[in-house]
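Visitor: I am new to this kind of picture, and I would like to learn how its descriptive words are earned. Could you show it to me?

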Amino acid sequence: AKALGKARYQIFDTQMHYHAQQRLELETDLRRALHREEFLLYYQPIISLTTGRINGFEALIRWYHPQKGLVSPGEFIPAAEETGLIIPIGLWVLKEACQQLKTWQDQGLFKDKIKMSVNLSVKQFSQVNLIQNIDKILLRTQLNSSYLKLEITESAIMDHPESATELLQQLRDRDIQLSIDDFGTGYSSLSYLHRFPLHNLKIDRSFIKRITETRQNLEIIHAIITLAHHLNMTITAEGVETEEQLSLLKNLGCEEGQGYYFSPPVDANAAQALLQDNPHW
Ligand code: C2E
Ligand code: CA
Ligand code: CA
Ligand code: CA
């Protein structure tokens, strides 16, 4: 039994070592990626359910790894968060996304309503110079702040509700749009929402997926939409994949949809082509 115990311990130890090493490699890789500009942004359109036209895009990071090819954020954002690298990466995302929208605006194509949504991680949101950094980026890219939308998760807000309120208000004062991301996956409490100055609520894809399953699921989404409307927030449904989901959401008064039914995230050229074609859903 003793020998077995030791053997088990060694396996465990080897695995631990393996993970630590993998993590370290990933960190080194990420640092290099930043310097060599291996990151790029994909853009997924957000559709108005009343007009059927594109209201904006969500910028989603991709990593073009020299050996592994395209790596999705699920595989490196958590490590970037842990190592703090999310701060410089996040700033790069903000700058790139603002610059892209400004370029499209300068081409005279889509002046008015198209907005750019950018994800903010928990760490970024709690960083002291966030506001100064955003101001700098807006100044440098010359993008009017009202075209920028920031997506913040419930936990980023709920971890420090007091300072979050202040920060959100500062952003709102600049006319930056504020969305709560992945709604329903975190604290799932609608009761605290009125305390925060938010414009928009994104219902997590897991709810949309179940919308056709039972009457109850539909009622839950209905309740979320009704309450959010009472709080003067608009609703965006994430992960819309079918016509049936779309028509149910329209009937519930949901303002916007995003998902494979309309378009997957695409590169900048394809996003621009989408805007030029101005498709109608
Ligand atoms: P998210 O913010 O909830 O982004 C939406 C995710 O859902 C994207 O995955 C998108 O490709 C995917 N998606 C969109 N429509 C559908 C659909 O109809 N069905 C399904 N099954 N999926 C759909 P992606 O691009 O892999 O990003 C995953 C997560 O990584 C994001 O979730 C976000 O939390 C994080 N992320 C992505 N880019 C950034 C970034 O620039 N900064 C930070 N901090 N996080 C990011
Ligand atoms: Ca998001
Ligand atoms: Ca989301
Ligand atoms: Ca999500």
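Guide: Let us begin with a term: angles under 35 degrees count as roughly parallel, over 145 as roughly antiparallel, 65 to 115 as roughly perpendicular and the rest as oblique. This is a predicted model, in which local features need pLDDT of at least 70 and side-chain atom pairs count only at pLDDT 80 or more. Residues are numbered from 1 along each chain, and ligands are numbered from 1 in the order in which they are written.

Visitor: Why are α5 and α7 called roughly parallel to each other?

Guide: The axes of helix α5 (residues 130-141) and helix α7 (residues 161-173) cross at roughly 15° and come within 11 Å; α5 and α7 are therefore roughly parallel.

Visitor: Which residues make the contact?

Guide: With contact meaning heavy atoms within 4.5 Å, L130, I131 and I134 of α5 meet L167, Q170 and L171 of α7.

Visitor: What makes D181 and E238 donors of the calcium ion (ligand 3)?

Guide: Donors are N, O and S atoms within 2.8 Å of the metal (3.2 Å for Na, K and Ca), and water is not among the atoms, so sites may look incomplete. The protein donors, D181 (OD), D182 (OD), E238 (OE) and E238 (OE), lie 1.9 to 2.8 Å from the calcium ion (ligand 3). D181 also coordinates the calcium ion (ligand 2), which is 3.6 Å from ligand 3. D181 lies in strand β6 (residues 177-183), whereas E238, 57 residues apart from it, is in the loop between β8 (234-237) and α10 (243-251).

Visitor: Are D181 and E238 buried or exposed?

Guide: Both D181 and E238 are buried, a word that stands for under 20% relative accessible area, with exposed meaning over 50% and partly exposed in between (1.4 Å probe, protein chains only).

Conventions
Side-chain values use heavy atoms; hydrogens and water are left out. Axes are lines fitted to C-alpha atoms, for helices over the stretch in contact, and angles run from 0 to 180 degrees between N-to-C directions. Helices (H or I, at least four residues) and strands (E, at least two) are DSSP runs, numbered from the N terminus.
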